[in-house]
Amino acid sequence: MKYLIVGLGNIGSEYAMTRHNIGFMILDAFAMASNITFTPERYGNIARLRVKNAQLILLKPSTYMNLSGNAVRYWRDHEKIDNDHLLVLVDDLALPFGAIRLKANGSDAGHNGLKNIAAMLGTQTYPRLRFGIGNDFQRGQQVEYVLGAFTLDQRQKLPVRIDVAIEAIKAFCLSGLDFAMCNFNNK
């Protein structure tokens, strides 16, 4: 079985460790733990690996967050992957830091990356892994918050939470979305 795992983020060193780039961070950690590297290809950086009987294509779009749908649609079509074998990793303000929620579908909840993906795919029905970044910001400071760095305390806890996200990705690919949701949501 083939899966497309898309980590959302913005390219450029100024965004590297920001909350909005948690999708990139998860995929970078997954690649490092799997001893593989990303290579630049059309619309993004790609890494390929096998986890048991699953072939995973990890994608970090190079289109910036708000145009992520171009990369997702291209690689989904190029690799002939059904939407139910697509998993989008995204930051979520509505969840406390480090919380993980897998969902089969849903609205974009104001997230411009998800909004663009839904527009380009023509549907909001595709699995996503939402990674909580919390919402500890003053009114009107949302952009600065999501594009800001994690706090020191969060940076110390981040490796453990990213490892949980990686295990959730593996569970999604090997055992299905329902199993992954039951075993990783609220974990």
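Colleague: Let's start with one residue: is Glu79 buried or exposed?

Modeller: Glu79 counts as buried, with a relative accessibility of 10%. The cut-off for buried is under 20% relative accessible area, so Glu79 falls in that class. Keep in mind that this is a predicted model.

Colleague: Which residue forms a salt bridge with Glu79?

Modeller: The general idea comes first: side chains of opposite charge can pair when their charged atoms come close. Here the partner is Lys2, and the closest N and O atoms of the pair are 3.0 Å apart. Lys2 sits in strand S1, while Glu79 lies in the loop between helix H2 and strand S5, so the pair links distant parts of the chain, 77 residues apart. Lys2 is partly exposed, at a relative accessible area of 27%. Arg48 joins Lys2 and Glu79 in a network of salt bridges.

Colleague: How many salt bridges are there in the chain?

Modeller: The count is 7. One of them pairs Arg76 with Asp77, with the closest N and O atoms 2.9 Å apart. Arg76 is buried at 14% relative accessibility, and Asp77 is partly exposed at 43%.

Colleague: How far apart in helix H5 are Asp153 and Lys157?

Modeller: They are 4 residues apart, which means about one helical turn separates them. Asp153 and Lys157 form a salt bridge, their closest N and O atoms being 3.0 Å apart. Asp153 is partly exposed at 40% relative accessibility, as is Lys157 at 44%.

Colleague: Now the strands. Which way do the side chains of strand S6 point?

Modeller: In a regular strand the side chains alternate between the two faces of the sheet. Strand S6, residues 100-103, follows that alternation: Ile100 and Leu102 are buried and point to one face, whereas Arg101 and Lys103 point to the other and are not buried. S6 runs antiparallel to strand S7, residues 128-132, and 4 bridges join the two. In that pairing, Ile100 stands opposite Phe131.

Colleague: Which residues have the most contacts inside the largest nonpolar core?

Modeller: That core has 39 residues, and the list includes Ile5, Ile26, Leu56 and Leu102. Helix H5, residues 152-175, gives the most to this core, with 10 residues. Ile26 makes a good example to click on: beyond its neighbours within four places in sequence, it is in contact with Leu89, Phe131, Ile162, Ala165, Ile166 and Ile169. There is also a second, separate core of 18 residues, with Leu8, Ile46, Ala71 and Leu86 among them.

Colleague: Zooming out, how many helices and strands does the chain have?

Modeller: There are 6 helices and 7 strands, and along the sequence they read β-α-β-β-β-α-β-β-α-β-α-α-α. The radius of gyration is 15 Å, close to the 16 Å that the globule rule gives for 187 residues, so the chain is as compact as a globular protein of that length. Buried residues make up 51% of the chain. Of the contacts with a separation of 6 or more, 69% are between residues 24 or more positions apart.

Colleague: Finally, which element has the lowest mean pLDDT?

Modeller: Where pLDDT is low, the predicted coordinates should not be read in detail. Helix H4, residues 142-146, has the lowest mean among the elements, 88, and strand S1 the highest, 98. The chain averages 94, and 100% of the residues score at least 70.

Technical notes:
Residues numbered from 1 in each chain as written. Predicted model: local features only at pLDDT ≥ 70, side-chain atom pairs only at ≥ 80, totals over all residues. Heavy atoms only, no water. pLDDT = per-residue confidence, 0-100. Core = buried A, V, L, I, M, F, W, Y, C linked by side-chain atoms within 4.5 Å. Buried < 20%, exposed > 50% of the residue type's maximum accessible area, 1.4 Å probe, protein only. Contact = heavy atoms within 4.5 Å. Pairing = 2+ DSSP bridges. Salt bridge = Lys/Arg side-chain N within 4 Å of Asp/Glu carboxyl O. Rg over C-alpha atoms; globule rule 2.2 N^0.38 Å.
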